[in-house]
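Work through the exercises below with the model in view. Try each task before reading its solution.

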Amino acid sequence: MPSTRTCVLAVITAAVSTAVFTLPAQAATAVPPERAAARCAYPSEVLDLTDWKLTLPTGEDEDPTEITQPELAAFSADPWFRVRGTCDAVRFRAPVNGVTTGGSSYPRAELREMTDGGEDEAAWSTTDGRHTLAVTEAFTALPAEKPHLVGAQVHGGDDDVTVFRLEGSSLYITDGDDRHHHLVTDDYELGTEFEARFLAEDGKIRVYYNGKPQTTISHDGDANYFKAGAYTQANCDNADPCADSNYGEVRISDIKVAHS
């Protein structure tokens, strides 16, 4: 017959054994939020940025910071270019006092289409093949005093061809210098996610909003490329305060480019 000491040891051993087997299940339901967020530290973990480069509203006068591959694959810049806390979108922010390029008086935190894994700048023709950009995005902040912001565009050799442009609550699709070429809605609410799509072929660019055709732009050019992000249409000359706290912001949760 086993002794009393032996019986007690058996009970303790069984209890410890049960606790060991139940600990992993308990731990799996209590992962700290900071550990979950660490799984997507970089925007490239949310968006495929292989064939893109980034321009930021920082750097020297008329010489803004540009980030190309492979550096872009492990790059984040708070608050201008970073993953949203829920790990499902990337924030692009450009303040009115940001650095601009030599060809513009407005700041941007914006992607520019590239090719060959980010090595070369894209330049395609609207009359050769089919070229598509689909961006799922939301305008999330507008600059004070001049609340104008561009979120996605087709750019030609020297200037933009057509863009999605928000002015207050009015969302437009432009045609060259005609900023108000087509009104998509006059009741846009900040934070509302939508799909912006450009399809270029046969010398025309068809523009869609949430899958619905909006307008067609005639354009014959062979140095085109796509851009997406926050291109703030305000600066310190027309927007107050002239500070980092006055900015345009776009949130992008998906971006896809196709050429055929």
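The exercises go from the whole chain to a sheet, then to a pocket and one of its strands.

This is a predicted model, where local features need pLDDT of at least 70, side-chain atom pairs count only at pLDDT 80 or more, and totals for chains, interfaces and linings use all residues. Residues are numbered from 1 along each chain as its sequence is written, and side-chain values use heavy atoms, with hydrogens and water left out.

**Exercise 1. Describe the protein as a whole.**

Step 1. Count the elements. There are 2 helices and 16 strands. Helices (H or I, at least four residues) and strands (E, at least two) are DSSP runs, numbered from the N terminus.

Step 2. Check burial. Of the 260 residues, 45% are buried (under 20% relative accessible area, 1.4 Å probe, protein chains only).

Step 3. Turn to contacts (heavy atoms within 4.5 Å). Take those between residues at least 6 apart in sequence: 65% join residues at least 24 apart.

**Exercise 2. Lay out the sheet that holds β7 and β16.**

Step 1. Write the order. The open sheet has 7 strands, β3-β4-β16-β7-β12-β13-β14, with antiparallel pairing. Two strands pair if DSSP finds at least two bridges between them.

Step 2. Find the edges. β3 (81-83) and β14 (212-218) each have a single partner strand, so one side of each lacks a neighbour in the sheet.

Step 3. Zoom in on one pair. β7 (residues 131-141) and β16 (residues 247-259) share 10 bridges in the antiparallel sense. A141 faces E249 in β16.

**Exercise 3. Locate the largest pocket and name what lines it.**

Step 1. Give the volume. It is about 600 Å³. A pocket is an open set of points on a 1 Å grid over the protein atoms alone, where a 1.4 Å probe fits, with protein on both sides within 12 Å along at least five of seven lines. The volume is the space filled by probe spheres set on the points.

Step 2. List the lining. It has 27 residues, and R108, H155, D159, D160 and Y231 lie nearest the centre. A lining residue has an atom within 4 Å of a point.

Step 3. Assign strands. β1 (52-60), β5 (108-115), β8 (148-155), β9 (160-167) and β15 (225-232) each supply at least two lining residues.

**Exercise 4. Which strands does β8 pair with?**

Step 1. Take β9. β8 pairs with β9 in the antiparallel sense over 7 bridges. A hairpin of 4 residues joins the two.

Step 2. Take β15. It runs antiparallel to β8, with 6 bridges between them.

Step 3. Follow L149. L149 stands opposite L166 in β9, and its bridge partner in β15 is T232.

Step 4. Check cover. In β8, 8 of its 8 residues are buried.

Terms used. Buried < 20%, exposed > 50% of the residue type's maximum accessible area, 1.4 Å probe, protein only.
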